[in-house]
Amino acid sequence: MPARKTNEQFLKEVFKLVGDEYTFLDEYTVVNAKLNVRHETCGRIYSVEPRKFLEGRRCSPCRNIENGAKQRIPYDVFLKRLNDVFGDEYTVLGKYVAVSKKVCVRHNTCGREYDAIPSTLLMGIGCQPCGMKRGGFVKRKSQSEFESQLAEKFSG
C-alpha cells in the first residue's frame, strides 16, 4: 500500500495543476475527506474531495461559464448557418444569446412563432407541425422539390 500523501505534497500537486488559482482552507488528511477550497478568481468557497479536485472537479459556476463561452457562436455566424440549413424559411425575432439558449423564431412557411434552441435548428430540426415525421423532425420539402425528386427517382 502506498504511503499517504502529506498536506505539503497535496498542495504541491494542486499548484502544479492550477497554480495559485485555488486556496485550500482545510488541511489535507486523506484523499476522500472533503476540504473547503476558495476559487481565487471568483471568491467562491466550496467543499470538494481532494481526489475529485485532482481529477478536474473545480469551481462549477466558473466551469459553466467557460463551457457556455465554448458554445457561443457569433450572431452573424448563427444566421449564416441557419440560412445554409433552411434558406430563408426562418426569421429570428428574439435576442440570440448562445446556441444552447432558446430564441424566438418565426417559421416563414407557416407563420408559426415559437422559442427554438439554436443548436437544434442548426441540426435541421425545425418547425414541429411542419416537419414531424416518424417521431423526429425533418425539413419539409416544397412541392417543387418533392416533384423534382420524384422525377429524378422514376425517370429513366
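These legends walk you through several close-up views of a predicted model.

**View A. Three strands line up as an open sheet.** Welcome to the sheet built from strands in the order 1-2-3, where the pairing is antiparallel. Its edge strands are strand 1 (22-24) and strand 3 (45-48), each of which pairs on one side only. On average, and with direction ignored, neighbouring strands of this sheet are turned by 35° against each other. Zoom in on strand 2 (residues 35-39) and you will find four bridges linking it to strand 3, in the antiparallel sense. Here Asn 36 has Ser 47 of strand 3 as its bridge partner.

**View B. Strand 5 pairs with strand 4 and with strand 6.** Strand 4 (residues 90-92) and strand 5 run antiparallel, joined by three bridges. Another antiparallel pairing, over four bridges, connects strand 5 to strand 6 (residues 113-116). Arg 106 is a handy landmark here: Thr 91 stands opposite this strand 5 residue, and so does Glu 113 in strand 6.

**View C. Strand 5 has a covered face and an uncovered face.** In a regular strand, side chains alternate between the two faces of the sheet. Follow strand 5 along residues 103-107 to see its two sets of side chains. Val 103, Val 105 and His 107 make up the covered face, while Cys 104 and Arg 106 belong to the uncovered one.

**View D. A hairpin joins strand 5 and strand 6.** Five residues lie between the two strands of this hairpin. Look for Gly 111, which takes a positive phi near 85°.

**View E. Arg 58 is buried without a salt bridge.** You can find Arg 58 in the loop between helix 2 (50-54) and helix 3 (60-71). Although Arg 58 is buried, no salt bridge is found for this residue: Glu 21, the nearest side chain of opposite charge, is 7.2 Å away. A salt bridge would need a side-chain nitrogen within 4 Å of a carboxyl oxygen. Beyond its neighbours within four places in sequence, Arg 58 is in contact with Leu 17, Val 18, Tyr 22, Tyr 46, Phe 53 and Arg 63.

**View F. Cysteines appear here without disulfides.** The model has zero disulfides by the distance rule, which asks for two cysteine sulfur atoms within 2.5 Å. Cys 127 is in no disulfide, and its nearest cysteine sulfur, that of Cys 110, is 3.7 Å away. Cys 127 is also buried, with a relative accessible area of 3%. Cys 59 is buried too, at a relative accessible area of 2%.

How values were computed. Residues are numbered from 1 along each chain as its sequence is written. This is a predicted model: local features need pLDDT of at least 70, side-chain atom pairs count only at pLDDT 80 or more; totals for chains, interfaces and linings use all residues. Side-chain values use heavy atoms; hydrogens and water are left out. Buried means under 20% relative accessible area, exposed over 50%, partly exposed in between (1.4 Å probe, protein chains only). Two strands pair if DSSP finds at least two bridges between them. Lys and Arg count as positive and Asp and Glu as negative; His and the chain ends are not counted. Contact means heavy atoms within 4.5 Å. Axes are lines fitted to C-alpha atoms, for helices over the stretch in contact, and angles run from 0 to 180 degrees between N-to-C directions.
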